[in-house]
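Reader: I would like a close look at a single part of this protein, with enough of its surroundings to place that part in the whole. Could you take me through one strand and the residues that go with it?

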Amino acid sequence: MTMVQCGRCKGSGKIPNNSWGAPPGATQPCYGCGGDGSVNVANPPTPCGNCHGSGHVPNNSTGAPPGTTQPCCGCGGSGWAR
Ligand SMILES: [Zn+2]
Ligand SMILES: [Zn+2]
């Protein structure tokens with residue numbers, strides 16, 4: 001195992017909060033790393049092929065606002081293959 005920077009939040013531990021009613025600029029703890037900014041992955045670290053390392057994928061759910069994303073199910077949101 002090795003520690004790498006979380007691909008979703010780029011190490012900040014926070015991501016934009018796009019929930020209904022959240023004020024502009026609001027953030028929430030990153031789901032990819034749990035707010036730590038780094039994640040433990042198997043060696044050698046391999047970017048997730050499903051989200052290409054970003055940790056999130058377009059949210060195509062019915063009714064989802066345009067441009068919103070959801071956690072990648074391939075990597076759990078960290079951007080790194082497990
Ligand atoms: Zn993160
Ligand atoms: Zn992924």
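**Strand β4 in its setting**

Author: The protein has six strands and zero helices, and the model examined here is a predicted one. Read from the N terminus, the elements follow the order β-β-β-β-β-β. The radius of gyration of the protein is 13 Å, close to the 12 Å that the globule rule gives for 82 residues, so the protein is as compact as a globular protein of that length. Its C-alpha trace spans about 40 × 25 × 15 Å along the principal axes, and 23% of the 82 residues count as buried.

Within this setting, strand β4 covers residues 38-41, and its side chains alternate. Val 39 and Val 41 point to one face and are buried, whereas Ser 38 and Asn 40 point to the other and are not. The partner to consider is strand β1, residues 2-5, which runs antiparallel to β4 and is joined to it by four bridges; in this pairing, Thr 2 stands opposite Val 41.

The two valines also lead into the interior, since both Val 39 and Val 41 belong to the largest nonpolar core, a set of twelve residues that includes Ile 15, Trp 80 and cysteines, among them Cys 6, Cys 30, Cys 48 and Cys 72. In soluble globular proteins, nonpolar side chains tend to be buried together. From another member of this core, Cys 48, and leaving aside neighbours within four places in sequence, the contacts are with Gly 53, Cys 72, Gly 74, Cys 75, Gly 79, Trp 80 and Ala 81. Across the protein, of the contacts between residues at least 6 apart in sequence, 60% join residues at least 24 apart.

Terms used
Residues are numbered from 1 along each chain as its sequence is written. Chains are lettered from A and ligands numbered from 1 in the order in which they are written. This is a predicted model: local features need pLDDT of at least 70, side-chain atom pairs count only at pLDDT 80 or more; totals for chains, interfaces and linings use all residues. A residue is buried if 20 or more other C-beta atoms lie within 10 Å of its own, exposed if 12 or fewer, and partly exposed in between; C-beta atoms are placed from the backbone. Helices (H or I, at least four residues) and strands (E, at least two) are DSSP runs, numbered from the N terminus. Two strands pair if DSSP finds at least two bridges between them. The radius of gyration is taken over C-alpha atoms; the globule rule is 2.2 Å times the number of residues to the power 0.38. Two residues are in contact if their C-beta atoms, placed from the backbone, lie within 7 Å. A nonpolar core is a set of buried Ala, Val, Leu, Ile, Met, Phe, Trp, Tyr and Cys residues joined through C-beta atoms within 7 Å.
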